[in-house]
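Subject: Handover of a structure and summary of findings

Dear colleague,

Please find below the structure I am handing over to you. I would be grateful if you kept it open while reading the notes that follow.

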Amino acid sequence: MENNKNNKSSEVGSLSNGMNPQEAEKKLQQTQADLEKELKDLGEVPEMGSDVDAFDTETDEAEEYSKNLGIKDSLKGRLQAVKDALAKIQSGTYGKCEKCGMQIPEEILEVNPEARFCSHCNK
Ligand SMILES: [Zn+2]
């Protein structure tokens with residue numbers, strides 16, 4: 001609660017570096033849980049008890065499979081980024097662009113808490 005703030009007028013209060021690491025951490029942990037669950041749903045876990053009933057036709061299954069591969073890859077990439085971001089919170093470097101070291105704008109972190117780069121470097 002005591003945040004050592006002396007904002008008499010809290011209009012634009014927390015725009016510079018306003019992302020609260022604890023909040024970000026919560027978000028990231030939530031995201032991590034979601035991603036891990038999604039990956040599980042996609043069959044990332046090897047032993048999953050094959051309920052073959054779910055797939056009626058083989059073609060559907062194959063199509064589904066290759067589609068899932070792409071999704072899985074991107075989920076895995078995100079998951080890794082989320083883990084990296086959590087590690088960065090621990091080491092106190094969270095929210096900094098990995099390329100130029102600039103503070104990543106809050107609105108980016110808001111939407112994408114695991115962002116690695118500022119908008120300039122992300123092109
Ligand atoms: Zn940058």
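How many residues does helix H1 have, and what distance does it reach from its first C-alpha to its last? Helix H1 spans residues 21-41, which is 21 residues, and reaches 30 Å between those two atoms. That is close to the 30 Å expected at 1.5 Å a residue. Please bear in mind throughout that this is a predicted model.

**Overall arrangement and confidence**

The chain contains 3 helices and 0 strands, and along the sequence the pattern reads α-α-α. Of its 123 residues, 10% count as buried. Among contacts with a separation of 6 or more, 63% join residues that are 24 or more positions apart.

The average pLDDT of the chain is 79, and 72% of the residues score at least 70. Over residues 6-16, however, pLDDT stays under 50, and the model has 2 contacts beyond four places in sequence for this stretch. Where pLDDT is low, the predicted coordinates should not be read in detail.

**The two sides of helix H1**

Which residues of H1 are buried? They are Ala24, Leu28 and Leu35. These residues lie on the same side of H1, because they cover an arc of only 35 degrees around the axis. The other side of H1 carries exposed residues, namely Gln22, Lys26, Gln30, Ala33, Lys37, Lys40 and Asp41. Just after the helix, Gly43 takes a positive phi of about 90 degrees.

**The nonpolar core**

The largest nonpolar core has 8 residues in all: Ala24, Leu28, Leu35, Val82, Ala85, Tyr94, Ile104 and Leu109. Two elements, H1 and helix H2 (58-91), give two or more residues to this core. The largest share, 3 residues, comes from H1.

One core member, Ile104, may be followed further. Leaving aside residues up to four places away in sequence, Ile104 touches Gly95, Lys96, Cys97, Leu109, Ala115 and Cys118.

**Where H1 and H2 meet**

Three residues are useful to inspect here. The contacts given below again leave out residues up to four places away in sequence.

Leu79 is located in helix H2. Is Leu79 partly exposed or buried, and why? Leu79 counts as partly exposed because it has 19 C-beta neighbours inside 10 Å, whereas a buried residue needs 20 or more. Leu79 touches Gln32, Leu35 and Glu36. Although Leu79 and Glu36 are 43 residues apart along the chain, their C-alpha atoms are separated by 7.5 Å.

Leu75 also belongs to helix H2. With 19 other C-beta atoms within 10 Å, Leu75 is partly exposed. The residues that Leu75 touches are Leu35, Glu38 and Leu39. The C-alpha atoms of Leu75 and Asp34, which are 41 residues apart along the chain, are separated by 10.0 Å.

Gln29 belongs to helix H1. Gln29 is partly exposed, since 14 other C-beta atoms lie within 10 Å. Gln29 and Leu86 are 57 residues apart in sequence, yet 7.8 Å apart in space, C-alpha to C-alpha.

When you go through the model, I suggest that you begin with Leu35: Leu35 is a buried residue of H1, a member of the largest nonpolar core, and a contact of both Leu79 and Leu75.

Yours sincerely,

A colleague

Conventions. Residues numbered from 1 in each chain as written. Predicted model: local features only at pLDDT ≥ 70, side-chain atom pairs only at ≥ 80, totals over all residues. Helix = DSSP H or I, 4+ residues; strand = E, 2+ residues; numbered from the N terminus. Expected span 1.5 Å × (residues − 1). Buried ≥ 20, exposed ≤ 12 C-beta atoms within 10 Å, placed from the backbone. Arc of directions from axis to C-beta. Contact = placed C-beta atoms within 7 Å. Core = buried A, V, L, I, M, F, W, Y, C linked by C-beta atoms within 7 Å. pLDDT = per-residue confidence, 0-100.
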